[in-house]
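Dear colleague,

I am passing on the structure that we spoke about, with the sequence alongside. Please open it before reading on, since my notes follow below.

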Amino acid sequence: MIILVLSKECVYNITKVYMTKTISFHLQKGGVGKTTISGTLACQSAIDGHSTLLIDVDPQGNASSWFLQEAPVYELADVIQGKCYSMDAIVPVTQIPNLYMLPTFGIGGTLKNYAETKLAEEPFVLQDLVHDLASRFERIILDLSPGLGRLERAALIASDEIISPMTPEVFSLDGLEIFIEELAKLQKNLHSKVEHSRIIINSFDNRIKQHRDIFQAASKGKFIVYKIPVDPLFRKAQEAGSAPQLFKNRSKGLKPNTLEAINIINLEIWR
Ligand SMILES: Nc1ncnc2c1ncn2[C@@H]1O[C@H](COP(=O)(O)OP(=O)(O)O)[C@@H](O)[C@H]1O
Ligand SMILES: [Mg+2]
């Protein structure tokens, strides 16, 4: 007689079937809020009860140092080089139930080196990884580095959707145009159907005419355009290693209009 004993977790994993969606936040510019927005929306998704994985695809590892207080054992580069299983490298974010991270070591990590040497032979390595993880997580968010090299391209084609954060500056719309052109080439060459229909104008200040003008100009195109206000609490929460939604500085949290913006974006992007 064979007695099969299944743990609760095992049964849970077998019965849970997710229609997983993977979103990358990307524009080939630094400092536009990619990490802030991807991290904040990952927190919001997890706070709402969805099993959410944030993958740090930036060799600088900013998202990892934001959310992880202790140095993890393995990183993303170890997984894609077959040095460990993905579930060995994924760690829970302790302060936020339902949020998990696949980290990258900013110091001493090997992701940059891997991207420069071996990634050319394996452009679909992140796509394969995301497919494998889709049975375990309901929502996957990728935080990317600036630029549009092999690593970023591999991450973009691993996604169902790319959302471009930008700051309301004079050259930002040019940057978006360049990204659209490059993405079209990538989609054609690698037969990718990744969606790119939303932009987020970050650090928006309604009192500044230039910000309003850039929002108007951006809204004339084919994109759905969101705004996230300038809010100093983001940086404070990052310094404290906290979710911006849960963090208080001298008993003050994010501004109500920042919270509203996050809620609207969060509700719309996962539909
Ligand atoms: N809406 C915002 N209001 C105020 N500061 C912000 C906002 N978004 C991002 N920042 C700050 O801007 C800096 C750059 O943001 P970051 O997310 O690291 O950009 P990226 O990942 O695109 O390089 C960080 O110090 C972050 O705290
Ligand atoms: Mg970043």
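How are helix 8 and helix 9 oriented to each other? Before I answer, please keep in mind that this is a predicted model.

The axes of helix 8, which spans residues 150–157, and helix 9, which spans residues 172–189, come within 11 Å of each other and cross at roughly 70°. Angles of 65 to 115 degrees count as roughly perpendicular, and helix 8 and helix 9 are therefore roughly perpendicular to each other. On the side of helix 8 the residues that meet the partner are R153, L156 and I157, while helix 9 brings F179, E182, L183 and L186. Sorted by class, this contact of helix 8 with helix 9 has five nonpolar and two charged residues, and no polar ones.

A second pair of helices can be described in similar terms. The axes of helix 2 and helix 12, the latter made of residues 256–269, come within 10 Å and cross at roughly 70°, so that helix 2 and helix 12 are likewise roughly perpendicular to each other. Here T40, L41, Q44 and S45 of helix 2 make the contact with I262, N263, I265, N266 and I269 of helix 12. The residues of this contact divide into four nonpolar and five polar, with no charged residue among them.

Helix 2 also leads to the ligand. There are 16 residues around ligand 1, of which G31, K34, T36, D231 and Q238 come nearest. By class, the shell around ligand 1 holds five nonpolar, eight polar and three charged residues.

Several polar atoms lie close enough to ligand 1 to be listed one by one, with the distances as computed from the model:

- An oxygen atom of ligand 1 lies 2.9 Å from a polar backbone atom of T35.
- A nitrogen atom of ligand 1 is 2.9 Å from an N or O atom in the side chain of N202.
- A nitrogen atom of ligand 1 is 2.8 Å from a polar backbone atom of D231.

On its own, ligand 1 has 560 Å² of accessible area, and the protein covers 78% of this. The elements that contribute two or more residues to the shell around ligand 1 are helix 2 (34–47), strand 7 (195–204), strand 8 (224–229) and helix 11 (233–239).

With best wishes

Methods: Residues numbered from 1 in each chain as written. Chains lettered and ligands numbered in written order. Predicted model: local features only at pLDDT ≥ 70, side-chain atom pairs only at ≥ 80, totals over all residues. Heavy atoms only, no water. Near = heavy atom within 4 Å. Polar contact = N/O pair within 3.5 Å; in protein donor to acceptor, adjacent residues only side chain to side chain. Areas by Shrake-Rupley, 256 points an atom, 1.4 Å probe, with all protein chains shown as cover. Helix = DSSP H or I, 4+ residues; strand = E, 2+ residues; numbered from the N terminus. Nonpolar A, V, L, I, M, F, W, Y, C, P; charged D, E, K, R; others polar. Axes fitted to C-alpha atoms, helices over the stretch in contact; angles between N-to-C directions. Parallel < 35°, antiparallel > 145°, perpendicular 65-115°, else oblique. Contact = heavy atoms within 4.5 Å.
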